[in-house]
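Student: I am new to this one. Could you show me how to read a helix and a sheet here?
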Amino acid sequence: MRLTNSQVQTIKQVVAMLAGEGAQVTLFGSRVDDDKKGGDIDLLITLNHVVEHPAVLSSKISARLIRLFQGRNVDVLLSAPNLQHLPIHQIAQSKGVLL
């Protein structure tokens, strides 16, 4: 996994602050592969509650992390009971790393 302990803690803190303490964060994509270089940070955030405005929540989390990581792109995928489950959710869950 190509994130520092500090980056992991920052991600978890921002997600807890904006999505709630019960949010589960999974890193997926190229950052999971130690042999690759660069790349954005892809996060699956799993929530056990209904999300009223998912686009707003995911953009707030992404924007906050982009600022904290000096412009590094952060993509946020949400999973919640009221949101459509797409194939990318299954890929993120099966190939990702729980933070």
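Tutor: We will look at one helix, then at the sheet. This is a predicted model, where local features need pLDDT of at least 70, side-chain atom pairs count only at pLDDT 80 or more, and totals for chains, interfaces and linings use all residues. Residues are numbered from 1 along each chain as its sequence is written, and side-chain values use heavy atoms, with hydrogens and water left out.

Student: What span should helix α2 have, given its 15 residues?

Tutor: Helices (H or I, at least four residues) and strands (E, at least two) are DSSP runs, numbered from the N terminus. The expected span is 1.5 Å times one less than the number of residues. For α2 (residues 54-68) that gives 21 Å, and its end C-alpha atoms are 21 Å apart, which agrees.

Student: Which residues of α2 are buried?

Tutor: Buried means under 20% relative accessible area, exposed over 50%, partly exposed in between (1.4 Å probe, protein chains only). L57, S58, I61, S62 and L65 are buried. They cover an arc of only 125 degrees around the axis (taken from the directions from the axis to the C-beta atoms), which puts them on the same side of α2. On the other side, A55 and R67 are exposed.

Student: What is the order of the strands in the sheet?

Tutor: Two strands pair if DSSP finds at least two bridges between them. The open sheet of four strands has the order β3-β2-β1-β4, with mixed pairing. β3 and β4 (97-98) stand at the edges with a single partner strand each, so one side of each has no neighbour in the sheet. β1 (residues 24-28) and β2 run antiparallel, joined by five bridges.
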